[in-house]
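Colleague: Can you take me through this one? I have a few short questions.

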Amino acid sequence: MVALDSDFTHSGATAIRYSRDFADKRRITAAKPKMNRLYAAEPTPSHTGTMADHRLAVRAAEIASLTDAIAAGVGVAGVAAPTLDEKASAWVKAAVADLKANAGKSIVITGETQSAAQHALVLAINNALGNLGKTVTFTAPVAPAATGNAGLKALVDEINAGAVSLLVISDANIVYNAPGDIDVKSALAKVATVVHHGLYADETSEGAAWHINGAHYLESWGDSRAFDGTAAIQQPLIAPLYEGKTLLEVVAALSGNTSANGHDLVKAYWKTALGTDGYAFDKEWQIILHDGTVKASASASSSATLTGTIAATATPASEGLEIVFRADSSLRDGSAANNGWLQEVPKPITKLVWDNAAQVSPATAKTLGVVATDVVELSFQGRTVKAPIWIVPGQADNTVVVHLGFGRTKAGKVGDGVGFNAYTLRGSDSLWHGTGLEVKKTTETYKLATTQEHTNLEGRDEDIYPTKTLADFLHPEHHEGHKKHEIISLFPEYDYSKGYQWGMQIDLNACNGCNACVVACQAENNIPIVGKEQVLVGREMHWIRIDTYFSGDAESPSIYQIPVACMHCEHAPCEIVCPVAATVHDDEGLNSMVYNRCVGTKYCSNNCPYKVRRFNFFQYVDEETPSLKLQRNPDVTVRVRGVMEKCTYCVQRINEARIDADRERREITDGQVVSACQQACPSQAIVFGNINDASARVSQLKALESKFTMLDPLNTKPRTSYMIRLTNPNPEFSGKTE
Amino acid sequence: MQSSKQLKPPVTETYDSLLAPGQSLNSVTAKISDIILFPVLKTPLGWIIGFVAAGLLLMLYLYSLATLFTVGIGIWGINIPVAWGFDIINFVWWIGIGHAGTLISAILLLFRQDWRTSINRAAEAMTIFAVACAGIYPLIHTGRPWLDYWFLPYPSTLGMWPQFRSPLEWDVFAISTYATVSVLFWFVGLVPDLATLRDRSTSPIAKTLYGLASLGWRGAAKHWQRYEVASLLLAGLSTPLVLSVHSIISFDFAVAQLPGWHVTVFPPYFVAGAVYCGFAMVIVLMIPIRRWFGLEGLITMKHFDVMSKVMLASGMIVTYGYFGEIFYAWYSSSIYEYYLIVNRFTGPYAWSYWSLILFNVLIPQVLWSKKLRQNLPVLFFVSMAINVGMWFERWVIIVLSLHRDFLPSSWASYTPTFYDWSTYIGSFGLFFVLFLLFIRFIPMIAIFEVRDLVHKTTAHTAEHEDSGHAGA
């Protein structure tokens with residue numbers, strides 16, 4: 001697989017599906033000792049890029065040259081190979097050789113941020129490789145083709161020409177997120193009546209005459225289509241808390257049907273669409289509601305042919321600094337800016353929270369004479385913003401990456417004034433990247449909060465993040481094996497051979513560090529957010545975190561990501577030091593935290609080698625706000641000030657399963673207990689279950705050769721173990737192979 | 001008393017004896033009790049100024065504690081991974097300060113070291129006040145201090161006992177026993193002197209209060225005999241405590257598996273460190289006090305000389321410990337232990353490690369010189385350096401071990417806040433308020449013991465005179 005500036009496991013409508021499919025092809029079993037090989041070229045480390053066997057950091061503008069080179073290499077007619085630097089050409093050579101050797105079993109993917117011409121060329125490459133119909137399939141478009149900002153520009157022109165007197169805006173914050181060269185705000189002021197419909201009163205509704213309170217999707221009836229065309233019926237979980245109206249209802253009202261409600265509208269549509277009536281429809285409707293999706297509604301695969309001439313896409317190399325715009329990993333376009341969970345979830349790679357930054361590579365920082373947290377002035381196409389610097393190893397040189405979604409002014413209590421607004425830099429001709437950026441250092445510095453200050457493994461790879469190449473793993477006889485000492489304990493071992501014994505297995509070949517587990521855990525376990533100031537002093541509360549390490553040289557490091565939560569050690573160091581027995585072991589191997597008993601000496605945290613314990617230094621949980629009371633999981637204790645907390649392996653879910661099993665007079669079956677992190681993991685990296693049951697999936701995984709436990713020499717006997725990260729580098733490739 | 005007058009005349013120092021020449025039984029009693037028995041309104045200005053200053057610090061302390069209880073321990077700079085900071089540093093530091101008193105009063109009593117007599121009372125008082133200051137920290141460092149009573153083993157309706165495997169639980173017993181025995185020992189030792197004050201005071205209030213406190217002491221032979229037995233017993237009880245308390249406190253660290261904490265030499269190393277800074281604190285307190293109250297005749301340069309030697313010896317044990325830690329890091333061939341030392345030498349807090357070496361290892365080497373040992377400004381400076389150095393030692397052990405442990409991902413830094421400092425500096429307020437009250441109302445030197453010493457030395461001289469060795 002060759003990914004050209006494509007974060008296909010994390011970005012776009014297909015990300016979750018691709019994330020899982022990709023991980024499936026990276027899993028090694030005795031029956032399938034094979035894995036795919038990923039080449040990734042990108043300007044800044046993405047989730048997908050960190051999983052690559054051969055990652056190349058290149059400027060976004062140079063992706064086109066790489067694509068041309070690959071096209072020329074695989075024999076796309078009419079494309080000549082451009083000259084590339086040594087590193088890039090070695091990478092291209094290896095990729096091309098592999099692509100050719102695996103014609104029909106390979107794929108080249110390019111990202112959403114790349115141009116249409118680039119996509120056409122990539123399609124030609126896949127065509128030349130005979131991948132069409134095999135690894136590349138087509139369906140009819142689900143959504144109308146995006147027009148970029150042409151539509152918005154046309155609208156603003158019309159308004160400025162006085163042609164618009166009534167404007168209805170729904171679910172779009174165009175005042176905030178229009179490119180900097182389109183002045184939406186002053187245009188809207190010229191419209192006689194602006195009606196805004198949306199979840200929040202935001203920057204756009206500020207200038208509108210009317211604001212219609214929108215309903216959240218969890219409060220709404222509606223329908224949608226997945227990327228492959230599968231239709232899903234959207235069902236509300238709760239009646240609208242603030243009597244919001246859905247878009248369907250607003251549109252119906254505009255067309256005269258003021259009394260319509262979402263449910264009736266959706267049902268009426270599907271009655272027509274399915275063409276059934278009466279009892280037959282009711283039955284079908286119930287099945288759809290039960291399943292959530294409409295059966296066999298996926299679009300049939302169709303074929304497509306390339307028309308027109310395929311040409312090289314590379315433009316003459318432009319010197320100088322390049323700016324790359326990226327949607328923020330959690331806030332995306334900024335509409336989620338008022339969500340504290342998403343503000344506080346550490347950004348992948350940088351681990352920054354509550355801010356965006358101007359990210360540069362270590363070499364570029366040196367050239368610019370800046371260090372992390374220095375404030376610089378970014379000027380692009382005559383527009384300027386101030387941004388703090390953050391240094392990202394593995395980013396392309398001469399590239400400044402800024403994330404969209406910050407700098408909101410009317411997001412609400414949580415999101416106002418967080419970070420800087422990168423939309424104002426964006427030009428409508430350079431939505432995702434452009435050259436000609438100027439960076440001016442100022443004398444200011446800015447405090448950036450990160451949850452991980454140190455990203456070097458300090459030579460502790462063996463104990464924390466061992467890696468192996470697939471070849472070494474399959475043929476260990478070629479290398480002297482790592483001698484494992486049998487570590488003994490002075491004390492008799494507790495007999496854990498009876499009953500349920502809970503354990504977890506995390507596959508580092510599947511985890512791409514997407515953070516879904518972190519937020520899922522936070523939602524499930526009533527974990528508070530603490531805010532930037534508290535993160536700055538090291539008091540974030542996440543029970544599971546994704547540790548990121550850079551290994552190798554700063555230019556092209558290997559990037560490791562590893563989810564870490566309480567390991568539920570059988571020899572738990574935390575337990576013996578608690579003076580009041582507030583953290584104790586149960587006979588099912590859980591390291592339990594008894595909040596009621598906790599006095600808060602914090603000794604347990606000091607003695608935890610994994611530092612996964614979290615302390616309520618203040619009363620972090622807001623117990624007053626009424627709407628937040630509804631948000632909490634009633635099965636999980638809400639912790640007060642002065643109490644230690646940590647991952648429980650979702651003990652409430654274990655107990656729920658136990659009650660169900662008891663009621664039905666049976667054992668808890670494998671797969672019945674799914675921890676929140678496991679449930680949310682798109683690539684199924686996390687597996688939880690009863691390790692006493694040899695047939696359980698977790699037991700089977702733990703029996704594999706590639707299992708390791710973190711900090712094994714301490715003999716803590718963690719119940720959470722990992723699968724070693726395997727890489728599958730091209731043995732012919734002389735370049736860096738992780 | 002006439003302290004202002006006494007400050008003026010040049011002091012004649014005594015270097016080779018525990019008593020200046022010319023001390024008689026009466027002069028000793030008068031000298032010591034006169035410091036206490038004068039009208040309240042004539043309290044010297046210096047004392048009042050000191051008391052007000054200490055009182056202000058105490059107010060700062062109370063303010064800090066009130067904020068702590070109402071807002072939460074987040075007001076401090078602690079975090080994850082550095083979940084212990086100033087709270088435990090100061091706890092161990094204060095406990096260490098206390099050790100000299102017990103060592104002087106108990107062990108030196110058993111070893112019949114006469115030089116202890118003039119300084120043991122004040123040192124013991126220092127012990128008790130330091131233990132009080134220390135004991136507060138573990139109580140307030142918890143997240144929910146109102147539940148601290150759960151540390152105690154009592155038949156609870158919760159059906160829960162404390163968790164006896166935890167070193168923090170051992171601390172509960174170690175500190176409470178230590179505090180109890182120290183107070184008892186101190187009070188028992190006070191009884192004869194309180195009776196002296198009762199007899200010498202003229203104010204009816206003082207007479208009544210000292211009378212109540214002296215428990216009917218009449219100086220009968222029976223009283224003295226029982227007193228001797230009681231103090232010997234208490235000394236015997238206290239002696240193991242000198243070793244056990246700081247050993248147990250060192251277990252707070254040694255039992256954990258954190259690099260920098262998991263060290264088997266900690267118990268003796270901690271005890272030596274405690275004696276080290278305890279004696280330093282005694283010297284820091286005694287140098288000004290003897291000057292202000294004109295006690296040069298009772299606390300002589302000989303005392304300082306002997307105390308300096310104790311400091312030097314315990315300082316060398318501590319230094320051995322520092323080298324030991326470096327050796328273990330190499331010998332263990334554990335990358336974590338090894339990194340700990342690298343981090344101490346060159347990490348972000350290397351300045352504190354090198355300060356520790358400067359204050360605890362290098363500066364005290366001047367004590368090898370007898371001349372410098374008996375130079376009070378130098379001795380005062382060295383003792384202050386040791387107090388600071390021992391504080392840095394606890395800082396190095398606690399903060400430098402916690403801030404970079406096993407997983408580099410959890411490495412972080414620790415910055416003390418205003419409240420960290422105010423709960424530290426404020427605790428001096430508590431200490432000095434108590435100490436100033438002590439020197440104002442209780443004989444700071446054991447009258448009867450010094451009288452005993454006077455008796456012995458005069459008898460000794462008489463003997464010498466008898467055998468013809470005049471002029472001793």
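Modeller: Ask away; what follows covers chain B, its contact with chain A, and the domains of chain A, all in a predicted model.

Colleague: What is the secondary structure of chain B?

Modeller: Chain B has 16 helices and zero strands. Its radius of gyration is 24 Å, close to the 23 Å from the globule rule for 472 residues, so chain B is as compact as a globular protein of that length.

Colleague: And what does the C-alpha trace of chain B span along its principal axes?

Modeller: About 75 × 55 × 40 Å. Of the 472 residues in chain B, 48% are buried.

Colleague: Turning to α14(B), how many of its residues are buried?

Modeller: 20 of 28, so by the cut-off of 20 or more other C-beta atoms within 10 Å, α14(B) is mostly covered. The helix runs over residues 376-403 and reaches 39 Å from first C-alpha to last, close to the 40 Å expected.

Colleague: Where is the kink in α14(B) centred?

Modeller: On B:Val396, with a bend of about 25 degrees.

Colleague: Next, the contact between the chains. How many residues come from each?

Modeller: Chain B gives 40 residues and chain A gives 44. On the chain B side, α6 (167-200) and α11 (335-346) are the elements that give two or more residues. α6(B) gives the most, with three.

Colleague: What classes are on that side?

Modeller: The side of chain B that touches chain A has 24 nonpolar, 11 polar and five charged residues.

Colleague: Last topic: which domains are assigned in chain A?

Modeller: Domain 1 (2-139), domain 2 (150-291), domain 3 (321-450) and domain 4 (500-727). The centres of domains 2 and 4 of chain A are 39 Å apart.

Conventions
Residues numbered from 1 in each chain as written. Chains lettered and ligands numbered in written order. Predicted model: local features only at pLDDT ≥ 70, side-chain atom pairs only at ≥ 80, totals over all residues. Helix = DSSP H or I, 4+ residues; strand = E, 2+ residues; numbered from the N terminus. Expected span 1.5 Å × (residues − 1). Bend = angle between axes of the 7 residues up to and from the residue. Buried ≥ 20, exposed ≤ 12 C-beta atoms within 10 Å, placed from the backbone. Domains from an automatic or database assignment. Contact = placed C-beta atoms within 7 Å. Nonpolar A, V, L, I, M, F, W, Y, C, P; charged D, E, K, R; others polar. Rg over C-alpha atoms; globule rule 2.2 N^0.38 Å.
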